[in-house]
Amino acid sequence: MQGSRALRWNHGCSPSSRPRQPHLRRACGVAGAQTEDKDSLQILVEPEADSLPLMETNTYKASESWDYVLVADRRTRRNQQFLENLKKKGFRYEVKEDQDKVFFGIRAGSQIFDLYCALLLETEGPAPKPSAGVRGLSVGEQGVPEAKPKEVMAKQTPIPPTTRIRIVNFILKSKTAAGDTFKDLVKDRVFETKFPLHKGEADLKMKWARWRNMFREQPIDDIRYYFGEKVALYFTWLGWYTFMLVPAAVVGLTVFLSGFALFDASQISKEICEAHDIFLCPRGDHSRRYQRLSDTCTFAKLTHLFDNEGTVLFAIFMALWATVFLELWKRKRAQVVLHWDLYGWDEDQEEMALGLINFSDYKLQPHQHSYLRSSIILILSLFMICLMIGMAHVLVVYRILASALFSNSALPFLEEQVTTAVVVTGALVHYVTILIMTKINKQVALKLCDFEKPRTFSERESKFTIKFFTLQFFAHFSSLFYIAFILGRINGHPGKSVRLAGLWRLEECHPSGCMMDLFVQMAIIMGLKQTLSNCVEYLHPWLVHKCRSIRGRESWDPELREWQHNYRLNCVYAFSLFNEFMEMMIQYGFTTIFVAAFPLAPLLALFSNLVEIRLDAIKMVRLQRRLVPRKAKDIGTWLQVLETIGVLAVIANGMVIAFTSEFIPRVVYKYRYGPCRQGAHPGVDCLTGYVNHSLSVFHTKDFQDPVRTGGSENVTECRYRDYRDAEGYAVSQQFWVLLAVRLAFLILFEHVALCIKLVAAWFVPDVPQSVKNRVLEEKYQRLCEKYQTFQEKHRKFQEYQRLQEKMCSSPKTTAV
């Protein structure tokens, strides 16, 4: 053969090697029934002495018959030993070589899957079409499938490719007789990699993995058939999340646009724009210039777009939305899982079954807990959290130094817009910090999981999820919490400012308020994550695949050429799908936690998700090797993460409205200090005089360095945002009144929002009644079958007793 050499071995394919128990064949369906099918097997006998006599050929094409492909740089004794161990377990394999690599195609014998079906007493048919229902299931009322006995389904459905790949992958990852795992062999350069083959994905490419199908419904059943339940549930959840973002995006956009209706009508904006004789105190050490309050007119109008009366209603709406979204998702999941006949599936049972298939002397791994290990992990996790918070302080230091640098800049724009430049560059630095800390956090979380020694891979994934998300949450949101609740509140007052290391004055909020800082920070970080990150996520695997395809040489052998094509695709890892989930969880956090300061977050998330669905589909089908299918009946720990984010969103939005926005000061002024405190007056706006009331007075003679503070104007007093007395500069009575009202509002808002969440969770059942009734009918059907079996046995036993009594009571005859 030119360009490649092929060697074939076969083992365990003879009909005699199959289990003969009738219940095993019945449980395995066609996989067991093919034993008697004369057309499914052909025995080829070669005359050469070095040829092995048995070769299984199916009605599939040759390229479809391999479950996995192993790749090595060369053939060695150790990889030959590994393959021989697989051969003893019932595998057959084929070796092909090109100019650079050695490829080993492997296929598991049918007795492995017969044993799998016998242990779990279940069958898994190919995914149904949405219009036809699951094969072996009839669709009942409200679209809920009616189950047929599994013995009937078993005779109709073969072992699907996802199950084959999952079982083979489990066996390949297990330890060999020599004590090595495949991962150890990769480290020792015995093998380079392993992967299942992409086969039969043309339909998914046409219907799903194309940009033009962005607004088409996802073929979830086809995704499940090709990638397994875990991936299918991810895309089901992502599609449902995207669908539920539509009302949130519409309401958020309405709240934002409602500010335009009051863009010029706001009394506060009018007063700021007309305040030509009010000067603001210098905000930095390097630009000691008095700024007219009217210079902030544009920013005041922009702030009113997202800091208005509709913000409170939108925050309450989002708390209700998050609850309804989760409750409706639980209902959706229950319907989908019942549709797949996985409602009662047990993950632990499957793990044990796979262990027994691989090792006949498999020993159960009990649950363990070590308080010492847990204490160490807790301490290390707290240390990492403190490090994340420390990174937020590093950003604070950057903003302070950048403010000093930009104040002395030769560029007029930077000198005039110091605060805006600091906020924008600070957000960019924060984004870069997130990218760096993400890689560090992942390694730390993996090390902590390995130290904890989880029992199974699923348990390891769950623990890793909690640790990694916790670290990522602080990495993404620590600086936002600083801006929302600390920035500008510990600075002191003009003439007596708090300084960093006694040198640099702490940064203050934007002249129009801290909501502007928070809005800009959210917009930049979320915008970059939704655009730049998605571009990198798509372009990086696309460029890698193109480069590898250009450098590689294709074989003339069609089968080897297909193996080479799969080898040149991008690698996938155990946590490849985990990364997609994590990306969505962080986005969900941005969409809900600070939505009061950024009502456009749901709209950006909606547009991003429409792209994300097709981007992930194209990556998985066209640019990456095939993911190892995993079975699942829910999204696991991610559901608890979503519920936690929902609670944090209520707390954070309540604090933003109470302490960051101007909503509470406006309301207090309106009903306690304003012209409407004793009743509304026609033609008088109740917020008249609010700007003058909210700015404290500072006498310029009290500056410690009046020469540096001097300007072209003869200014005797300046104003600053705070509630302090004009003499002595102590906090005023208004400050304490506002603080009390803020705390009261926060408690009231959180209790009302949480009560709404609880009522919504109670009002919307987690599982639809149709699903509960279907499960109840299945239980009743099984009990009826057991009852009928018992009655039949009891009837036969009674007949036997009557026959015995009749024989005993009949007269005995004696022979004469």
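The following legends describe close-up views of a predicted model.

**View A. The largest nonpolar core and the residues at its centre of contacts.** The largest nonpolar core comprises 130 residues. Within this core, the residues with the most contacts are Phe227, Trp237, Trp321 and Phe594. Helix 10, which runs over residues 229–261, supplies the largest share of this core, namely 15 residues. Another core, of 31 residues, lies apart from it and includes Leu86, Leu120, Ile171 and Val190.

**View B. The surroundings of Trp237.** Trp237 is among the residues with the most contacts inside the largest nonpolar core. When residues up to four places away in sequence are not counted, Trp237 touches Phe325, Trp329, Phe581, Met584, Met585, Ile635 and Leu642.

**View C. Helix 10, its span and its kink.** Helix 10 has 33 residues, which at 1.5 Å a residue should span 48 Å. The C-alpha atoms at the ends of helix 10 are 48 Å apart, in agreement with that expectation. Helix 10 nevertheless contains a kink of about 30° at Val246. The proline Pro247 follows shortly after the kink.

**View D. The disulfide of Cys273 and Cys297.** Three disulfides are present in the structure, and one of them joins Cys273 to Cys297 with an S to S distance of 1.8 Å. Cys273 belongs to helix 11 (residues 267–273) and Cys297 to helix 12 (residues 297–306), so this disulfide ties together parts that are 24 residues apart in sequence. The torsion about the S-S bond is about 75°, and the disulfide is therefore right-handed. Cys273 and Cys297 are buried.

**View E. The disulfide of Cys281 and Cys718.** Cys281 is joined to Cys718 by a disulfide, with an S to S distance of 1.9 Å. Cys281 is located in the loop between strand 8 (279–280) and strand 9 (291–292), whereas Cys718 is located in strand 15 (residues 717–721); the pair therefore ties together parts that are 437 residues apart in sequence. The link is right-handed, with 90° about the S-S bond. Both Cys281 and Cys718 are buried.

**View F. The disulfide of Cys676 and Cys686.** The sulfur atoms of Cys676 and Cys686 are 2.1 Å apart and form a disulfide. Cys676 and Cys686 are ten residues apart, each in the loop between helix 24 (663–673) and helix 25 (690–694). With -85° about the S-S bond, this link is left-handed. Cys676 has a relative accessibility of 8%, so this residue counts as buried. Cys686 is likewise buried, its relative accessible area being 16%.

**View G. Accessibility of Cys386 and Cys571.** The relative accessible area of Cys386 is 52%; because exposed means over 50%, Cys386 is classed as exposed. Cys571 has a relative accessible area of 35% and is partly exposed.

**View H. The surroundings of Arg568.** Arg568 is situated in the loop between helix 20 (558–567) and helix 21 (576–592). Its relative accessible area is 10%, and because buried means under 20%, Arg568 is classed as buried. With neighbours within four places in sequence left aside, Arg568 is in contact with His545, Arg548, Ser549, Gly552, Arg553 and Glu554.

How values were computed
Residues are numbered from 1 along each chain as its sequence is written. This is a predicted model: local features need pLDDT of at least 70, side-chain atom pairs count only at pLDDT 80 or more; totals for chains, interfaces and linings use all residues. Side-chain values use heavy atoms; hydrogens and water are left out. A nonpolar core is a set of buried Ala, Val, Leu, Ile, Met, Phe, Trp, Tyr and Cys residues joined through side-chain atoms within 4.5 Å. Buried means under 20% relative accessible area, exposed over 50%, partly exposed in between (1.4 Å probe, protein chains only). Helices (H or I, at least four residues) and strands (E, at least two) are DSSP runs, numbered from the N terminus. Contact means heavy atoms within 4.5 Å. The expected span of a helix is 1.5 Å times one less than its number of residues. The bend at a residue is the angle between axes fitted to the seven residues ending there and the seven starting there. A disulfide is a pair of cysteine sulfur atoms within 2.5 Å.
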